[in-house]
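Below are some comments on the model you sent, set out as numbered points. Please read them with the structure open beside you.

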Amino acid sequence: MKRVITLLLFIFGFAFTAYAQDEPVEVETSVKKISDTEYDLIFNVYIEDDWHLYSQYNPKDASLPMSIKPSEGETGFTVVGKAQESETTTEYSEIWGMDETFFVEEATLIQRIKLDDPTITQVSLNIEAQVCKEFCLPYDDDFSFSLNGGEIVESVATVTKKDEQITNSLMLDLKNKSLLESSTDNEENKGNLLNIFVLGFLGGLIAFLTPCVFPLIPLTVSFFNKQSGKKSKGITNSLIYGFFIAAIYVGLSLPFHFAESLDPEILNTISTNMWLNIFFFIVLIFFAGSFFGFYTITLPSSWSSKTDNASGIGGIFGIFFMAITLAIVSFSCTGPILGSLLAGSLTSDGDPMQLTAGMGGFGVALALPFAFFALFPNLLKSLPKSGFWMKAVTVLLGFIELALAFKFLSNADLVGNWDILKREVFIGIWIFITVLAALFLFGVIKFPGGPKVKRISGLRIILGLAVLGFAVYLAPGVTKKPMWSQSLLSGFAPPQFYSIYDLDNNKCPLALNCFKDFDKGMAYAKEVGKPVLVDFTGWACVNCRKMEENVWSESRIYNTLKDDYVLISLYVDDNENVLPTDEQFDFVKPSGKIKKIRTYGEKWATLQTVNFKNASQPYYVQLSPELEVLNTPQQYTDKLTYYNWLKEGVKRYKK
């Protein structure tokens, strides 16, 4: 189980890190004619040092085997069997428990093809593979071959007239577009980033209290003070050490900025992907099991050995490698918290700055104790001893991970339209988890990783009562008409209209009348003579639910939305509902690449990015039926700001 977790986390996590690196594989191609209809297409592959590329014959139950096939859309020829391979290496994998076959340094692949159409002079093959060292990267590329020795003609993307017509209709003829450029959400975004930084900081403080980090504080500070000789130098080295700890965690978020620069919708696509949310659910369940003490999650021991050896270099470089060593050896405790932070940041608004803010807060909180106790070493004596309290904190973290896991399963349920994890079912599961946590604190149930105590302290009883109180707070959520508002659940639980009860609503937020098609909504607005509120939202959007349940629910805002606007709610992650065949089309991006629009979510996400140069949710735009922008777009904000913004839009429309 430990190996499975390690594999899942680091194939996924470090694959993104590689966006900032050079490609570890280079390929040269050539052609050898066998007959008038048969050709050998040759790949000479050069692999960077320390990397290896998996063979076509690698076991299917291990790392991804290589595949060679015609590129998408290629016709007129077939591949003959598997490609011939040069010499490979076979080595036993502890992760998979079997021998794996791969190439090191270089490889030669010879793929024979047979022409079905003798007039073809150019073909293209696709190689899909996996290249690894301590972490793995997907490799997926197309290669074109000229069969007659002529120049390779790059194919030009072409679309039909229908594609052009639908594409043009998607690109709105907006008036007063200058308002789109003067966004008012800068301060709000700063506040949101600050909130996420604080959450990351709290996560770092929790990680500080775990058995993987807490005992290292006195050891590390004492080491620096003794090794440096002078107290001032020891303090300086400890501060540098703390700085490197914070920098390492911030650095883990940087590849996501590269990913967003390649495609502004990529993070939204990642965060709302049904299968990725299921992946997060499984990973967090595993994390919870590690906190409960059923097993331990660790990184490969070779990683810590290498960085530990490098830490002996001395000077700033040695301190840097000491910081990396800390990050690796403490992973069994910090990994689950970081995993939750990663998943939570990715599924918020699709903004990589949120991940950077969260990672920054986490790193700063983890680094502060080292710097603080280096400045005041005498306070080390006042630190409590590691013991049962630390084990109790670890088990409680397991319950938190368990509850968060079902949040991601809920995202998958909403995006996939499964209609299984309705709001009341979700809240019922949280009540069950909360009651289990209270029983643990009362000493009724025990876990392998929990403390072994004969007497329950007063503090645990008080904490257990507080946890039980939260279960009482949740309880009305399983009824048709809750006795009190449950605003704390906004963004975590499914929306209120996603219910097991027949609420006689149209599946719009707060049972408001809304359109889920842009053109139909605009046509209705023109008919009734009202301004339009375009609500770019998502089923898996946390801040969207918070806005709907905490801001839209205020009576004056609710009445304004109901009486003065035509509401168009466009779910950008609705990728399970397929567009009718005659409405599906190929959208040509400014780069010339084609994006296939097959679902409603893809259509509305493209509508947002093309016209409003924004890919985050919630995103609110006020339009007249004649496509005039009435106000600066709004995002996640407070009630007063949102109310004034709505009223200003109505005022401008009437003018």
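1. The model is a predicted one, and the remarks that follow should be read in that light. The residue numbers used here count from 1 along each chain as its sequence is written.

2. On the surface, Leu194, Val198, Leu199, Leu202 and Leu205 together make a nonpolar patch of about 440 Å². One of these residues, valine 198, is placed in helix α4, which covers residues 186-208. With a relative accessibility of 40%, valine 198 counts as partly exposed, because that class lies between the limits of 20% for buried and 50% for exposed.

3. Asparagine 176 deserves a look at its backbone, since this residue, although not a glycine, has a positive phi of about 60 degrees. Asparagine 176 sits in the loop that runs between α2 (161-170) and α3 (178-181), and its relative accessible area of 37% makes it partly exposed.

4. Alanine 511 is likewise not a glycine, and its phi is positive, at about 60 degrees. The loop that holds alanine 511 lies between α16 (458-474) and β12 (514-515), and with a relative accessible area of 43% alanine 511 is partly exposed.

5. Leucine 252 is found in the loop between α6 (231-251) and α7 (254-262), where its relative accessibility of 33% places it among the partly exposed residues. How far apart are the C-alpha atoms of leucine 252 and threonine 356? The separation is 8.2 Å, although the two residues are 104 residues apart along the chain.

Note on methods: Predicted model: local features only at pLDDT ≥ 70, side-chain atom pairs only at ≥ 80, totals over all residues. Heavy atoms only, no water. Patch = residues over 30% accessible without salt bridge, like charges linked within 9 Å, V, L, I, M, F, W, Y side chains within 5 Å. Areas by Shrake-Rupley, 256 points an atom, 1.4 Å probe, with all protein chains shown as cover. Salt bridge = Lys/Arg side-chain N within 4 Å of Asp/Glu carboxyl O. Helix = DSSP H or I, 4+ residues; strand = E, 2+ residues; numbered from the N terminus. Buried < 20%, exposed > 50% of the residue type's maximum accessible area, 1.4 Å probe, protein only.
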